[in-house]
Amino acid sequence: MTYRSIFVAGHRGLVGSAVVRNLRANGYANLILRSRDELDLRNSQAVHDFFALEKPEVVIDAAARVGGIKANVDFPAEFILENLQIQNNVISASFESGVEKFVFLGSSCIYPKFAPQPISEDALLSGVLESTNEPYAIAKIAGIKLCQAYAREYGKNFISIMPSNLYGPGDDFDFDKSHVVPALIRKVHQAKVKGEDQILVWGSGSPRRELLHVDDLADALRFLLENYHSPDIINAGYGEDITIRELVAIISEIIGCKARLIFDHTKPDGTPRKLLDSSRLRNLGWRPRLTLHEGVRQTYDWFLRTSYADVVL
Ligand code: GFB
């Protein structure tokens, strides 16, 4: 498949950087990339000027204000407003400048808190959302609806993909912002290096999460860019989920740490479970390649090269 040009919005983030790696590895050389300093996607005029000038043929929108459960709870205003600003600007400028194919990225948190498991695409808007990430989820639902509106009203090929929880190289290891995998990799590593005998895990340890390596998600995004042309949302998950307790056990085994787990019940659990039904994507012929063990091992290797690995004793 060849495209004249592809704008990857948010190319320095966890997802965007994986998308760039995947596209380049698959022969796409014609990528348009802009850092936040070069183009603030919250600035409507700047975004519209950029699209009018560059006129990308394809857009993959991996730009978003993201974070784990704590960041979502601490900054609800920023999570709803900035995501609405970014996506409204990027989607509307894509429409106005004649983008041929637009790929929007949602999240499994768009589905109701108590949706039947595994969660099929039809569960969207069938129940109340999880409160810890409702602002983020509502912004993402608005993005899906805007893409679907352009498809229905103007026949645009604007698609929306819902990944499960993601992890991998490029993750954020700052405890105030991080998702569970990078947070626990850092905590377990610290405990091992410092010789501590306990690790503080947030919540009860019983919530289940479906964890997809970001390189697999990037591959799914490219696959869907090339092969999926429907405004109906489509899930992209790993296919299995595990409890947070099981996740810490896997990370501890990979890092080689025997510290005991202490569960901090003052911290929120979030959604009890959000396993996606990804059969629509599987039936198109795509599957993830990395097992959770391989993915966590590879992410730990990447973590060891960051400054977060330098534990001060
Ligand atoms: O990945 P996470 O921050 O977000 O947390 P969500 C997942 C689970 O891990 C929760 C537990 O039950 C946490 O209580 N957990 C245990 C920890 N220890 C830790 C820790 O040290 N750090 C963190 N961060 N969690 C996010 C949404 O929800 O899911 C986002 O907030 C997005 O908006 C993302 O939708 C996919 O999975 O609960």
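A polar contact is taken here as a pair of N or O atoms within 3.5 Å. In this predicted model, a polar side-chain atom of N72 lies 3.0 Å from an oxygen atom of the ligand. The side chain of R209 has an N or O atom 2.7 Å from an oxygen atom of the ligand. At P268 the backbone takes this part, with an N or O atom 2.7 Å from a ligand oxygen atom. The ligand on its own has 690 Å² of accessible area, of which the protein covers 97%.

The ligand is surrounded by 23 residues, and those that come nearest are I69, K187, R209, P268 and D269. By type, the shell consists of 11 nonpolar, eight polar and four charged residues. At least two shell residues come from each of α3 (69–74), α6 (180–194) and β7 (198–202). The most are given by α6, which supplies four. Residues of the shell belong both to domain 1 (6–167 + 212–236) and to domain 2 (180–208 + 241–274 + 291–310), so the ligand lies between the two domains.

A further residue examined was Q87, which is part of helix α4 (residues 76–96). The relative accessibility of Q87 is 3%; since buried means under 20%, Q87 counts as buried. Apart from neighbours within four places in sequence, the contacts of Q87 are D61, S92, F104, A139, K140, A142 and G143.

Terms used:
Residues numbered from 1 in each chain as written. Predicted model: local features only at pLDDT ≥ 70, side-chain atom pairs only at ≥ 80, totals over all residues. Heavy atoms only, no water. Buried < 20%, exposed > 50% of the residue type's maximum accessible area, 1.4 Å probe, protein only. Contact = heavy atoms within 4.5 Å. Near = heavy atom within 4 Å. Polar contact = N/O pair within 3.5 Å; in protein donor to acceptor, adjacent residues only side chain to side chain. Areas by Shrake-Rupley, 256 points an atom, 1.4 Å probe, with all protein chains shown as cover. Nonpolar A, V, L, I, M, F, W, Y, C, P; charged D, E, K, R; others polar. Domains from an automatic or database assignment.
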